[in-house]
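Please find below a short note on the model, set out as numbered points. It treats a sheet and its helices, and then a pocket.

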Amino acid sequence: MYQIKHLSFQYAMAEKEALRDISMEIEEGTLTLLTGPSGSGKSTLLRHLKKELMPAGRRSGSIWYKGTDLKQLEPERSAAEIGYLFQNPSHQMVMDTVWHEIAFGLENLGTPYGQMKRTVAEIVNYCNLQRIYDRPVCDLSGGEKQLVNLAALAAMHPKVLLLDEPAAWLDPAGKKSFLAMVEMLQKEFQMTIVMASHDLEDIMEKADQCIFLKDGQILAEGTPVHAAEKLWEQGKDMEAFLPQTIRLSKRIKGTPDFSMASLRRTMQKVPYEIIYRKECKVSGDLVLKVRGMYAGCQEREILKNFSMDLRQGEFLAVLGANGSGKTTLLKCISGQMKRSGKVRMKGRCAVLPQEAELLFAKDRLEDDLKENMREEPCQLEEYIDLFGLREQLGRHPYDLSGGQQQMAALIKVLMADPDILMLDEPTKGMDRFHKMKLGRILKILCSRGKSILCVTHDMEFAAAFADRVGMMFDGKLEGMERPRDFFTGNYFYTTMVAKITRDMPKPAVLPEEVRYL
């Protein structure tokens, strides 16, 4: 389907190449996974596979699509045959309601009206969107928008789907449904799928080939097991990018294994011990108290008699399904949305939104980070080094990878010197190495007296760093517990390792807690 020969690319004003001598082939009807650290070139490579989205800059090498030079591909054929799902779902939406959005691509292809109505009805049922098909797109959560975008692409019956971090906005149940739909499109319709992703849970094992990029070059490629073995040989830094099942299997078997059932059988036979991370009860002063809060939109009640507390130095993680009200909660507490009830806050709060680009206003990252700065300049220098953005200071913020944008946006929020930090999906678009780095930085901020309220779909991140975890359900926060109790007590909203070790005498939550004896 694609043949790439010696592709190199450098963005304008960038000091080094984003892609260096990339050569690879993508077979028709296969699923290819592009993965690697934040800023390694995954999205840049993916955009090169659709002519209209090729980034501007200095380029060499060639890309062939079904025997045709991609640059010479007719616009009509490119639009009809190659579908692209953006990392940020809001960037892709152009219509007012869900069913209009699904029909938009068909209209542009000149589909007859009767056939268009039938196709929209078919895809709404196929993608299980009956509940939201007539709702305004502005009322959808990030995960719901992503599902609608995939449905709109599938309705056009493309031959290729290019997916950029497609599961980053999805809750665990939504992610499984999304991946099942992608797998059906590949197997039932012989679509060629190329997916760039940091989150390898449930994804890596489904791929026909895995391409691991680092610093714009291919570091490892091959089948999922072969790629996992090559990454493991690279040492602990590369080991961090592998899914939980592989990291656990290496600890108890010594060989890569994606099968949860196989790992469970092994752990029932081999001797091991569990080393839990230390969980301390935070006893600082109450900095946020919410009582009896109600909020909603379009005659739909989202928060119902909501109550919660947050203490100084505490890291509180809130989980929940797409559309359960997590983002609404942050908007209500920070005064961005109308609500009723009592909110008592001690100190200043600042919000990191889901869409990090909303915070950028300058053409250079360095100028953007200095805007509205309350902290000392030396503090900015410390954050730049902590988040590893020193080499990106001269670039436009929109040219950064999704993970780098998240980190840069967080620095902007921190430079306002808030007492309470509210984070909306802070690990979205980040690889696991940088997630762990972010978590350690957030714990340092907690030790300095800052309080963190984080809404997230990332179970592993919450399990590793939160002091308390709760779940949004029916407009309230339920099951507020320490991470170990929360995740070992849950069946579905929990980590992969907790599922594997469920009902065992020594249950674990994270692979790093397990030690073979």
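**Notes on a sheet, its helices and a pocket**

1. In this predicted model, helix 14 (residues 402-414) lies across strand 16 and strand 17. The helix runs at about 170° to strand 16.

2. Strand 16 belongs to an open sheet of 6 strands, whose order is 16-17-18-14-19-20 and whose pairing is mixed. Strand 16 (349-352) and strand 20 (476-481) stand at the edges with a single partner strand each, so one side of each has no neighbour in the sheet. From one strand to the next, the twist averages 20°.

3. As background, strands of a sheet pair through backbone hydrogen bonds, in either a parallel or an antiparallel manner. Strand 14 (residues 315-319) and strand 19 (residues 468-473) pair in the parallel sense, over 4 bridges. Here alanine 317 stands opposite valine 469 of strand 19.

4. Helix 11 also packs on the sheet, where it touches strand 14, strand 17 (420-424), strand 18 (451-455) and strand 19. The direction of helix 11 makes about 150° with that of strand 17.

5. The second largest pocket has a volume of about 760 Å³. It is lined by 37 residues, of which Leu140, Thr327, Lys331, Gln354 and Asp424 are the closest to its centre. Helix 5 (142-155), strand 13 (300-311) and helix 11 (326-333) are the elements that give two or more residues to this lining.

6. Which element gives the largest share of the lining of the second largest pocket? It is helix 11, with 5 residues. By class, the lining has 12 nonpolar, 14 polar and 11 charged residues.

Definitions and conventions: Residues numbered from 1 in each chain as written. Predicted model: local features only at pLDDT ≥ 70, side-chain atom pairs only at ≥ 80, totals over all residues. Heavy atoms only, no water. 1 Å grid on protein atoms, 1.4 Å probe; cavity = no way out; pocket = protein on both sides within 12 Å on 5 of 7 lines; lining within 4 Å. Points joined across faces, edges and corners; volume = space filled by probe spheres on them. Nonpolar A, V, L, I, M, F, W, Y, C, P; charged D, E, K, R; others polar. Pairing = 2+ DSSP bridges. Axes fitted to C-alpha atoms, helices over the stretch in contact; angles between N-to-C directions. Contact = heavy atoms within 4.5 Å.
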